[in-house]
Amino acid sequence: MGLPQPGLWLKRLWVLLEVAVHVVVGKVLLILFPDRVKRNILAMGEKTGMTRNPHFSHDNWIPTFFSTQYFWFVLKVRWQRLEDTTETGGLAPNCPVVRLSGQRCNIWEFMQGNRPLVLNFGSCTPSFMFKFDQFKRLIEDFSSIADFLVIYIEEAHASG
């Protein structure tokens with residue numbers, strides 16, 4: 001089960017080429033037209049609200065664009081997105097998860113033969129916990145023909 005779907009390596013190669021061209025062209029434009037690129041990047045920052053942060057300094061931020069670190073970060077994110085998509089009837093993405101014991105593994109490691117694996121994503125929100133008894137009944141009713149896995153999603157609370 002551990003092998004990625006056919007064509008994933010070809011898609012990764014294509015993304016590698018796209019990101020490499022993006023970074024090279026961006027770096028060349030940053031060298032040739034620094035003020036114009038700076039204005040464009042700041043305009044993007046305005047759309048996201050980043051420039052409203054009082055600790056934001058474009059002089060510290062803009063030089064990171066099109067750097068080696070930028071290249072690896074964008075490549076990692078784009079490759080991750082390739083694996084985080086699926087098609088109807090296809091396999092779930094083989095995302096990394098952490099067991100309660102702290103051991104790292106991937107979702108596909110929970111698959112057993114041809115048995116369906118039912119994934120339930122959630123966190124300790126009231127609505128998830130309220131429905132959890134219903135999920136436990138599903139497990140009781142269908143555990144003879146399917147396996148079930150609860151994947152805890154960390155809440156995105158603001159930190160103070």
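This report describes a predicted model, going from an annotated helical span to a strand pair and a pocket.

**The annotated span and helix α1**

In an unreviewed UniProt entry, residues 12-33 are listed under "transmembrane region". In the model this span is 95% helix and 0% strand, and its end C-alpha atoms lie 31 Å apart. Helix α1 covers residues 8-32, and Gly-26 has its place there. Gly-26 has a relative accessible area of 6% and is therefore buried, the limit being under 20%. Along the chain, Gly-26 and Ser-67 are 41 residues apart, while their C-alpha atoms are separated by 9.5 Å.

**The loop between α3 and α4**

Phe-66 belongs to the loop that lies between α3 (58-61) and α4 (68-83). Most residues other than glycine have a negative phi. Phe-66 has a positive value, with phi near 65°. The relative accessible area of Phe-66 is 11%, so this residue counts as buried.

**Strands β3 and β4**

Strand β3 takes in residues 117-122, and it pairs with β4 in the parallel sense over six bridges. From β3 the chain passes through helix α5 (residues 126-142) on its way to β4, and this β-α-β crossover is right-handed. Two positions show how the strands are matched: Leu-117 stands opposite Asp-147 in β4, and Leu-119 has Leu-149 of β4 as its bridge partner.

Asn-120 is also part of strand β3. Its relative accessible area is 16%, so Asn-120 is buried. Asn-120 and Phe-135 are 15 residues apart in sequence, and their C-alpha atoms are 8.5 Å apart in space.

In a regular strand the side chains alternate between the two faces of the sheet. Strand β4 follows this pattern: Asp-147, Leu-149 and Ile-151 point to one face and are buried, whereas Phe-148, Val-150 and Tyr-152 point to the other face and are not buried. For Tyr-152, a residue of strand β4, the relative accessibility is 47%, and Tyr-152 therefore counts as partly exposed. The C-alpha atoms of Tyr-152 and Gln-69 are separated by 30 Å, with their positions 83 residues apart along the chain.

The table gathers the C-alpha separations of the residue pairs named above.

| Residue pair | Separation along the chain | C-alpha separation |
|---|---|---|
| Gly-26 and Ser-67 | 41 residues | 9.5 Å |
| Asn-120 and Phe-135 | 15 residues | 8.5 Å |
| Tyr-152 and Gln-69 | 83 residues | 30 Å |

**The second largest pocket**

Rolling a probe the size of a water molecule over the atoms shows where empty space is left. The second largest pocket holds about 270 Å³ of space. Two elements, β1 (96-98) and β4 (147-152), give two or more residues to its lining. Strand β4 gives the most, with four residues. The residues that line the pocket are Val-97, Val-98, Arg-99, Leu-100, Phe-110, Leu-149, Val-150, Ile-151 and Tyr-152. By type, the lining divides into eight nonpolar residues, no polar ones and one charged.

The pocket lining includes Leu-149 and Val-150, and these two point to opposite faces of β4, with Leu-149 buried and Val-150 not. Leu-149 is also the bridge partner of Leu-119.

Terms used: Residues are numbered from 1 along each chain as its sequence is written. This is a predicted model: local features need pLDDT of at least 70, side-chain atom pairs count only at pLDDT 80 or more; totals for chains, interfaces and linings use all residues. Side-chain values use heavy atoms; hydrogens and water are left out. On a 1 Å grid over the protein atoms alone, a cavity is a set of points where a 1.4 Å probe fits but cannot get out, and a pocket is an open set with protein on both sides within 12 Å along at least five of seven lines; lining residues have an atom within 4 Å of a point. Grid points are joined across faces, edges and corners, and a volume is the space filled by probe spheres set on the points. Ala, Val, Leu, Ile, Met, Phe, Trp, Tyr, Cys and Pro count as nonpolar, Asp, Glu, Lys and Arg as charged, and the others, Gly among them, as polar. Two strands pair if DSSP finds at least two bridges between them. A crossover is right-handed if, with the strands pointing away from the viewer, the path from the first strand over the helix to the second runs clockwise. UniProt positions are given in the numbering used here, feature names are shortened, and annotations may be inferred rather than shown by experiment. Buried means under 20% relative accessible area, exposed over 50%, partly exposed in between (1.4 Å probe, protein chains only).
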